[in-house]
Amino acid sequence: MFNILSLLFKYIFIIIIYMFIFSIIRLIYLDIKGMNNTALGGAYLKLVNRKDSIPFKINEYYSIGEGLTLGRRGDNDIVIKDPYVSKDHFQIVKDEDEYFLEDLNSANGTYLNGERIQDVVPLKDGDRIRVGNIDFLFVNKGM
């Protein structure tokens, strides 16, 4: 009787170990699959906040390309369902290999490195853009 129980527990333990290894491999796969390869070159915005602390869907990286818009409205390139974000909050445009940030008359403002912007301002690699409760890091690998 004891031999049967020990054999049964041995196989149960082996199954648990394999299930644990499988779940680790699955998490690694999902993490690699979730990486956005378009953000590896050129200019992009990187989310500074922890994704799990934000109550709405948001990506970790946003490629800028020739420009992008951010706001609550669905036709923006980046749609953020934050109550502190205006329907059309800001835009980033590229002009002669330089990127510029412009606030689109948002109610709560756009902050660049902690200061509220009033006009179109040039962006430098490493600048922090704050919109509502969200912080982005501007990264320009093309510089």
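H89 touches L70, G71, Y84, E102, D103, L104, S106, G109, T110 and V131, not counting residues up to four places away in sequence; contact here means heavy atoms within 4.5 Å. That's a good place to start looking around. What you have is a predicted model, where local features need pLDDT of at least 70 and side-chain atom pairs count only at pLDDT 80 or more, while totals for chains, interfaces and linings use all residues. Residues are numbered from 1 along each chain as its sequence is written, and side-chain values use heavy atoms, with hydrogens and water left out.

**Around H89 and S106**

H89 is found in the loop between β4 (78–79) and β5. Strands in this report are DSSP runs (E, at least two residues), numbered from the N terminus. Is H89 buried or exposed? H89 counts as buried because its relative accessibility is 0%. For these labels, buried means under 20% relative accessible area, exposed over 50%, and partly exposed in between, with a 1.4 Å probe and protein chains only.

S106 lies in another loop, the one between β6 (98–103) and β7 (110–112). At a relative accessible area of 7%, S106 is buried. Setting aside neighbours within four places in sequence, S106 is in contact with S86, H89 and R116. Y18, on the other hand, is 88 residues from S106 in sequence and 53 Å from S106 in space, C-alpha to C-alpha.

The table gathers polar contacts of these two residues. A polar contact is a pair of N or O atoms within 3.5 Å; within protein, one must be able to donate a hydrogen and the other to accept it, and residues adjacent in sequence count only if both atoms are side-chain atoms.

| First partner | Second partner | Distance |
|---|---|---|
| S106 side chain | H89 side chain | 3.3 Å |
| S106 side chain | D103 side chain | 2.7 Å |
| H89 side chain | G109 backbone oxygen | 2.9 Å |
| H89 side chain | T110 side chain | 3.4 Å |

**Two loop residues with positive phi**

N105 sits in the loop between β6 and β7. Its phi is near 55°, a positive value in a residue other than glycine. N105 counts as exposed, because its relative accessibility is 74%.

D97 has a positive phi too, near 60°, and is again a residue other than glycine. You'll find D97 in the loop between β5 and β6. With a relative accessible area of 64%, D97 is exposed.

**The sheets**

Now for the strands. Two strands pair if DSSP finds at least two bridges between them. One open sheet has six strands in the order β2-β1-β11-β10-β7-β8, with antiparallel pairing. Its edge strands are β2 and β8 (115–116), each pairing on one side only. Within that sheet, β1 and β11 pair in the antiparallel sense over five bridges, and L45 has F138 in β11 as its bridge partner.

Another open sheet is made of five strands in the order β4-β3-β5-β6-β9, and here the pairing is mixed. The edge strands this time are β4 and β9 (121–122), and each pairs on one side only. Four bridges join β3 to β5, which run antiparallel. Over in β5, I92 is the bridge partner of L68.

**The nonpolar core**

Which residues touch the most other members of the largest nonpolar core? Of its 26 residues, L45, I129 and F136 do. Such a core is a set of buried Ala, Val, Leu, Ile, Met, Phe, Trp, Tyr and Cys residues joined through side-chain atoms within 4.5 Å. At least two residues of this core come from each of β1 (43–47), β3 (67–71), β5 (90–95), β6, β10 (128–131) and β11 (134–140). Neighbours within four places in sequence aside, the contacts of L45 include L68, I92, I129, F136 and F138. As a general point, nonpolar side chains tend to be buried together in soluble globular proteins.

**Aromatic rings**

Searching the whole structure turns up three aromatic pairs. Rings of Phe, Tyr and Trp (its six-membered ring) pair if their centres lie within 6.5 Å; planes under 30 degrees apart count as stacked, over 60 as edge-to-face and the rest as tilted. One of the pairs is Y44 and Y61: the centres are 5.6 Å apart and the planes are at 70°, so this pair is edge-to-face. The pair links distant parts of the chain, with Y44 in strand β1 and Y61 in strand β2 (residues 61–63), 17 residues apart. Y44 counts as buried at 8% relative accessibility, whereas Y61 is partly exposed at 25%.
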